[in-house]
Amino acid sequence: MRPAPEPGAELLADPYESFMYHHLRYYGYFKGQEKALQNNSILPSGHQQKSSTCLLKQDGFQESNKSNQNSLQDKKKLICSLMLEAALLKNKQVLVHHPESLGFPCLREPRGLFTLPTSGSLLQAPQWPIECEVIKEQIQHIEWVPPNLEPFYQLTGNEKAPEIVGEEKGTVVYHINPAAKGTCFTCARVGGTRGPVRSPAVTLEGPEDTTLLFESRFESGNLQKAVRVGPYDYELTLRTDLYTSKHTQWFYFRVRNTRKDILYRFTIVNLMKPKSLYSMGMKPLLYSERDAQTNGIGWRREGADICYYRCSSKEKQATYCLTWTVHFPHDHDTCYFAHSYPYTYSDLQRYLLAMTNDTVYSQYCKLRALCQSLAGNTVYLLTITSPSRNPDEAAAKKAVVLSARVHPGETSGSWVMRGFLDFILSNAPDAQLLRELFIFKVVPMLNPDGVIVGNYRCSLAGRDLNRNYKTILKESFPCIWHTRAMIKRVLEKREILLYCDLHGHSRKNNVFMYGCNNKGPTAQQLHERIFPLMLSKNAPDKFSFHSCKFKVQKSKEGTGRIVMWRMGIPNSYTMESTFGGSTLGKKSDSHFTSEDLKSLGYHICDTLLDFCDPDRSKFLQCMAELQELLRQQICQKLKERGHKEDLDGTWSDNSLSDIESSTSGSNSSHSDGLPAHLLSLAEKFNQKKRKKRWLRTRKERNELHQKYTLPQKMVGWESLLVRVAPSKSRKRPAFFKNSGRCSSAGKRTEQMAEEKNVASPMCRVHQPVSTLSLCMENSSGKQGKNPEDIIMSYLQRRKLNAIQESRHLKGRLSWHTFSCTRPCPHEISHQLSPLVKNLWKTHRPHLIPVIPLLRTQKPLLVPLKQYHPPFQSQLDGQPPEEQPTGLCGGTLKHQPQLH
């Protein structure tokens with residue numbers, strides 16, 4: 001029997017409408033309305049007119065026919081339309097428009113998981129830790145290329161190295177409170193700390209006041225304190241990386257209220273590195289806002305009397321100072337100083353926004369969010385390739401991965417990345433060919449949090465990200481974890497031909513690379529050196545192949561270069577671009593400009609084409625040069641060591657590693673380990689762990705017992721060897737409980753003696769002397785003690801009065817008879833050590849009671865029945881009081897028979 005059809009269900013002929021009707025009716029949307037419809041034949045006219053524009057038809061919402069409103073069919077359709085519209089309005093992704101009384105649904109624009117620059121959107125505001133104060137002013141500089149080369153400063157040796165005065169004798173004109181070591185990142189927000197932004201600088205007393213006004217609470221700024229120690233001399237303290245006490249090399253700050261034609265001196269007093277390019281002629285960068293507005297001049301190298309020297313600090317860690325003098329170009333100007341050309345997170349977003357607005361770029365460049373950083377800033381990922389004609393062509397493409405700014409203070413990496421993107425996205429024939437051959441995965445800024453707050457090396461976790469590529473802490477190091485996961489996914493689908501992480505270097509000039517010696521077959525050796533050699537030929541005045549290193553060091557196992565190499569990318573490199581300049585070719589002894597750094601990005605693309613050229617002539621030529629170069633280096637190394645030169649030998653991996661020094665990178669060992677927010681938990685865990693007392697071994701317990709129970713000074717043998725005997729209780733001393741076990745050899749000896757009925761000398765509480773001596777030596781050897789030490793220990797603890805002992809012994813040893821003869825001296829002494837033998841000869845009566853206490857088992861021969869004193873006295877004809885103890889001398893002439 002078929003169930004009766006539901007009212008209104010048969011009116012919805014469209015399958016989707018029927019499904020929606022049943023779905024909504026299940027949740028009770030139509031039950032009340034159907035009853036009301038049966039009770040009220042006519043709906044209110046106002047409601048009918050309002051809802052008549054929202055009827056659901058097969059092709060959407062259409063205007064209802066007013067002439068059929070009174071029919072039951074139209075009323076049910078009206079109810080269905082009303083409920084469907086109400087359900088659609090509850091969906092946030094569906095919008096219902098009513099243009100001119102016509103209702104139709106449309107989908108809302110999909111919401112991205114992360115904010116991406118679009119043509120109609122504003123830049124994403126940087127997220128700052130809540131400990132940071134941030135000014136609202138947006139800092140932006142123009143790009144400018146100096147028309148002439150900017151030479152290095154020529155050191156004269158007479159540069160002034162001023163002594164540090166400090167705030168005790170100076171005046172603090174600027175100071176902010178940083179997030180010091182011991183704290184950790186908690187949360188972030190736009191604008192940093194809540195509340196009004198205070199003024200950390202001094203207030204000018206009038207227009208004639210020449211005090212400089214400092215500021216660094218903007219993106220990438222990191223000045224912490226400024227002290228005025230002279231009319232125009234200032235000592236500057238840089239803020240360390242947030243949540244650490246290390247890493248001060250990068251600096252970027254602003255000064256106002258300048259005076260023209262006055263010589264100012266600035267001294268940074270807390271730099272960390274013992275070596276710097278400032279000792280080789282590098283100059284700081286200066287930017288004048290008035291020059292930028294009037295003359296279009298941007299960043300330029302300025303400074304004289306430059307000196308980098310060690311401070312006479314009282315702290316444990318040595319710090320270094322950088323001092324220089326400068327003339328400002330204008331009065332009342334706003335100027336900036338920087339260690340290298342700044343490139344902020346906002347600069348990157350402006351570049352990506354301009355790229356997405358270009359319709360040509362969007363055809364072969366896809367921008368997406370890789371992840372979010374700890375502070376919530378987006379880490380961008382670009383995928384650049386030409387559309388493939390078919391799936392086979394797409395699968396045949398190899399991948400190239402590039403990343404930059406894992407160290408936020410190394411801004412030169414961003415400028416090289418900028419040049420690479422400019423070229424690979426251009427219409428140049430070589431760029432088009434590269435897009436057809438490869439798929440480029442580009443992460444332009446790996447550490448946006450560090451870039452925003454002005455760190456030099458670490459992230460907000462207080463750790464160096466380039467030492468944590470092997471991490472499993474996804475929440476603590478999200479940028480590194482997601483980058484490694486992305487590369488793993490790419491490796492599952494295709495081969496990655498090249499991985500290059502762009503860095504900056506603060507102690508060496510020129511540009512160079514760090515690679516990894518391949519340990520594969522002989523045919524694959526030296527292949528990792530071909531790409532750097534080709535790059536040195538394409539950029540001879542910037543790139544130095546002789547500065548390249550390919551040694552895999554254990555301390556660098558966590559770097560991106562080595563981790564990607566171990567994942568299966570043989571051509572894995574770290575590209576180091578100097579903060580200074582070049583010592584090669586036409587640009588020798590001159591600084592790099594931002595345009596020079598950008599040109600390196602073009603050279604990477606050009607070298608990539610040469611490296612993959614089907615014509616292998618360049619490849620083979622570079623291979624031959626490498627073999628000859630390494631042959632010369634190995635011969636030189638052998639000559640220095642005094643070995644004979646073997647020109648016909650081959651070069652193994654060991655020899656390649658021997659001829660190279662370390663990569664001389666920055667020491668980040670103090671930045672390894674857990675992130676800052678987990679250190680407190682680790683310390684609590686370690687403290688609880690230290691309280692636990694582990695059980696000691698038996699040997700350690702015995703040694704501690706001897707150490708704390710025996711007297712500190714040993715006394716002579718004569719004073720210790722007194723006539724003693726065991727007390728009434730047959731319980732062994734506590735000292736012998738653990739050391740009284742005999743070895744298996746001793747047990748076998750006793751068993752053999754028992755089986756053969758060997759008559760061993762024995763007294764009331766003694767075991768056979770020969771067996772006991774063996775057991776004593778075995779057990780003492782097992783525990784690491786000789787018999788003399790055991791005897792000494794016992795005798796020292798048993799210093800009793802000899803007279804009292806003799807009273808207790810009277811008549812005890814003479815009333816018992818044993819089934820053994822009295823011990824002979826030679827039977828006992830021949831199994832003891834020489835020292836005990838000597839003691840036995842002179843103090844034999846005193847040593848016999850000691851030996852049985854070293855026994856390890858129950859007596860093998862038990863004492864026999866006791867007899868009355870008269871019977872014993874009749875045997876020897878002596879009264880009971882004078883009966884010998886049986887401990888020394890003679891044998892019993894008469895023995896009782898066994899019962």
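A residue counts as buried when its relative accessible area is under 20%, as exposed when that area is over 50%, and as partly exposed in between. By this standard R254, with a relative accessible area of 6%, is buried. The structure that contains R254 is a predicted model, and this account begins with the pairings of that residue and its surroundings.

Side chains of opposite charge can pair when their charged atoms come close. In the whole structure, a search finds 25 salt bridges. One of them joins the side chains of E137 and R254, with a distance of 3.0 Å from N to O. Because E137 belongs to the loop between β5 (127-129) and β6 (171-175) while R254 belongs to strand β11 (residues 252-256), this pair ties together parts of the chain that are 117 residues apart in sequence. Whereas R254 is buried, E137 has a relative accessible area of 36% and is therefore partly exposed.

E137 also forms a salt bridge with R256, and here the closest N and O atoms are 3.6 Å apart. Distant parts of the chain are again linked, since E137 is in the loop between β5 and β6 and R256 is in strand β11, 119 residues apart. R256 is partly exposed, its relative accessible area being 31%. Strand β11 thus supplies R254 to one salt bridge with E137 and R256 to another.

A further salt bridge connects R265 with D305, whose closest N and O atoms lie 2.5 Å apart. This pair links strand β12 (residues 263-271), which holds R265, to strand β15 (residues 304-310), which holds D305, across 40 residues. With a relative accessible area of 8%, R265 is buried.

The loop that precedes strand β11 deserves attention for its backbone. Most residues other than glycine have a negative phi. Y243, however, has a positive phi of about 65 degrees although it is not a glycine. Y243 lies in the loop between β10 (233-238) and β11, and its relative accessible area of 3% makes it buried. H247 is found in the loop between β10 and β11 too. Its phi is near 65 degrees, a positive value in a residue other than glycine, and H247 is buried at a relative accessible area of 8%.

The account now turns to a pair of helices. Two packed helices are described by the angle between their axes and the distance between the axes. The axes of helix α8 (residues 412-424) and helix α14 (residues 594-611) come within 7 Å and cross at roughly 55 degrees. The two helices are therefore oblique to each other, and α8 passes α14 in a right-handed crossing. On the α8 side the contact includes W415, V416, F420, F423 and I424, and on the α14 side it includes L597, L600, Y602, I604 and C605. The residues of this contact divide into 10 nonpolar, 4 polar and 3 charged. R418 and D422 of α8 and K598 of α14 take part in the contact, and these residues are also linked with E143 and E595 in a network of salt bridges.

A final site is T471, in the loop between α10 (448-453) and α11 (478-493). T471 is buried, with a relative accessible area of 9%. Apart from its neighbours within four places in sequence, T471 is in contact with F477, W481 and R484.

Technical notes. Residues numbered from 1 in each chain as written. Predicted model: local features only at pLDDT ≥ 70, side-chain atom pairs only at ≥ 80, totals over all residues. Heavy atoms only, no water. Axes fitted to C-alpha atoms, helices over the stretch in contact; angles between N-to-C directions. Helix = DSSP H or I, 4+ residues; strand = E, 2+ residues; numbered from the N terminus. Parallel < 35°, antiparallel > 145°, perpendicular 65-115°, else oblique. Left-handed = near helix turned anticlockwise from the far one by under 90°. Contact = heavy atoms within 4.5 Å. Nonpolar A, V, L, I, M, F, W, Y, C, P; charged D, E, K, R; others polar. Buried < 20%, exposed > 50% of the residue type's maximum accessible area, 1.4 Å probe, protein only. Salt bridge = Lys/Arg side-chain N within 4 Å of Asp/Glu carboxyl O.
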